[in-house]
Amino acid sequence: MSIKVEQSLISPRYLAGPGDPAWVTAALHAGAGWSHGHDPLTPRVILTSPDQKSMLRVEPHPNEPWWHLSHRDGRTGSGWNASFDGGTPVELIAAVTDTLTDPGYNAQAVTSPYQPLWTAGWDSVGNGEFHSPDGLLRGERLTVSGSRHWRFAASLDRENVWKARFSAATPRVLVAAFMQALADPEPVRRSHEQTIGLSRRRITLHWQEWPAESVARALPERIERLAARRASPPPPAPPTPPPAPRRAR
C-alpha cells in the first residue's frame, strides 16, 4: 500500500504563499546550469548564468525584496533587473526564470505583455494600471526618473502581501511570462506547513491526498525537464529583414 500525503490546491495562485524556493533555485542550478556561491554563515544564495551575464540573489530581509534577478551585458553595458518580495509565490518567479533560461529565449517575441491578462478578464483602469477581477492583485507601469517601470502588488485588507518590480529595460517577454503566470487559473500545490498563516477568506483551498512518491518527485521531474530542454538545440533566431533599397539620386 502506497503512502499518501495531503496537499492543498490553492487559487488564486497569487495568494498561495511563497512555496518552496528550491522550485526556482534548484531548477536554475541543476536544470539550467547556473553556478552557485555558498557561504554557510549567511542565509544568502547567489546563482550565476553560464555566460556570467545574469544573476539571481536570494537574501531574506524583513523590509526589502528577497529575490533579485539582474542581467548585465558586458559588451554593450545595457542591463535590467527585477525584484520580488519574500511572499511572492515561487511559481510566478519561476515563470520568469524559466523563460530567461529557455534555449529559444532570443527568438521569442511579444506583441503586448498585457494580452494574458486581457484574455483572463482582468480590468484595465487607464494610465497603465490594471487589476485582477477580485481586486487583490494590482499592477501598473509607472514612470521613474523618466523611464517606464513595471510594479505589481498583491494585498489583503489594504496590507501588501508581496510586491514585484521590473525595471524599464526588462525584456517584454519576461514581463509577459510573469503576467501569464498571474492570470493562470490553475491552482498551485502547497504542503500543510506551507499553508500556515495564509488568510483563508479570499482563497479557495482544497485538500487532496497524493502518493508521497509523486509529491517527492515533483521537483526532480521539473529539473529533468529543464535539463532536457537545455540539451536540445535552440530554435533559429528570426530572420533579419533585408535592408531597404537605397534611393538613387
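This is a short talk on the fold, the core and a few single residues of one protein chain.

The model you see is predicted. I will start with the whole chain and then go to parts of it.

The protein chain contains five helices and 13 strands. Its radius of gyration is 20 Å, and the globule rule gives 18 Å for 249 residues, so the chain is as compact as a globular protein of that length. The C-alpha trace spans about 80 × 45 × 35 Å along the principal axes of the chain.

How much of the chain is buried? Buried residues are 40% of the 249 residues. As for the surface, the protein chain exposes about 14500 Å², and 52% of that area is supplied by carbon and sulfur atoms.

Next, contacts along the sequence. Take the contacts in the protein chain with a separation of 6 or more: 58% of them are between residues 24 or more positions apart.

A word on charge. The protein chain has 28 positive and 24 negative charges. Between the mean positions of these two groups the distance is 10 Å.

Now the core. The largest nonpolar core has 49 residues. Which of its residues touch the most other members? They are Phe152, Trp162 and Phe178. Several elements give two or more residues to this core, among them helix 1 (22-32), helix 2 (90-100), strand 10 (147-156), strand 11 (159-166) and helix 4 (172-183). Helix 4 gives the most, with eight residues.

Stay with Phe178 for a moment. Leaving out residues up to four places away in sequence, Phe178 touches Phe84, Leu92, Val96, Phe152, Trp162, Ala164 and Phe166. Phe152 and Trp162, on that list, were named a moment ago as core residues with the most contacts to other members, along with Phe178.

Two helices deserve a closer look. The first is helix 2. Is helix 2 enclosed or open? Eleven of its eleven residues are buried, so helix 2 is largely enclosed by the rest of the structure. Its buried residues include Leu92 and Val96, and also Glu91 and Asp98.

The second is helix 1. Here the buried residues are Ala22, Val24, Thr25, Ala27, Leu28, Gly31 and Ala32. What covers them? The cover includes strand 3 (45-48), strand 4, strand 5, helix 2 and helix 5 (212-231). Just after helix 1 comes Gly33, with a positive phi of about 80 degrees.

On the other side of helix 1 in the sequence there is a loop between strand 1 and helix 1, and Pro12 lies in that loop. The peptide bond that joins Ser11 and Pro12 is cis, with omega at about -5 degrees.

That brings us to strand 1, where I picked two residues. Glu6 is in strand 1, residues 4-11, and Gln7 lies in strand 1 too. Glu6 is partly exposed, with a relative accessible area of 47%. Gln7, at 9% relative accessibility, counts as buried, because buried means under 20%.

What do these two residues touch, if we set aside residues up to four places away? Glu6 is in contact with Trp207, Gln208 and Glu209. Gln7 touches Arg189, Arg190, Ser191, His206, Trp207, Gln208, Trp210 and Val215. Trp207 and Gln208 are contacts of Glu6 and also of Gln7. The C-alpha atoms of Glu6 and His192 are 7.1 Å from each other, although 186 residues separate them along the chain.

Next is the loop between strand 10 and strand 11, where Asp157 is found. Arg158 is in that loop as well. Asp157 is not a glycine, yet its phi is positive, about 50 degrees. Arg158 also has a positive phi, near 65 degrees, and is also a residue other than glycine. Are these residues buried or exposed? Asp157 is exposed, with a relative accessible area of 58%, and Arg158 counts as exposed at 83%.

The last residue is Asp123, in strand 7, residues 123-126. Asp123 is partly exposed, at 37% relative accessible area. Apart from neighbours within four places in sequence, its contacts are Glu129, Phe130 and His131. Asp123 and Asp134 are eleven residues apart along the chain, and their C-alpha atoms are separated by 10.0 Å.

Conventions:
Residues are numbered from 1 along each chain as its sequence is written. This is a predicted model: local features need pLDDT of at least 70, side-chain atom pairs count only at pLDDT 80 or more; totals for chains, interfaces and linings use all residues. Side-chain values use heavy atoms; hydrogens and water are left out. Helices (H or I, at least four residues) and strands (E, at least two) are DSSP runs, numbered from the N terminus. The radius of gyration is taken over C-alpha atoms; the globule rule is 2.2 Å times the number of residues to the power 0.38. Buried means under 20% relative accessible area, exposed over 50%, partly exposed in between (1.4 Å probe, protein chains only). Contact means heavy atoms within 4.5 Å. Accessible areas come from the Shrake-Rupley method with a 1.4 Å probe; for residues, only the protein chains shown count as cover. Lys and Arg count as positive and Asp and Glu as negative; His and the chain ends are not counted. The place of a charge is taken as NZ of Lys, CZ of Arg, CG of Asp or CD of Glu. A nonpolar core is a set of buried Ala, Val, Leu, Ile, Met, Phe, Trp, Tyr and Cys residues joined through side-chain atoms within 4.5 Å.
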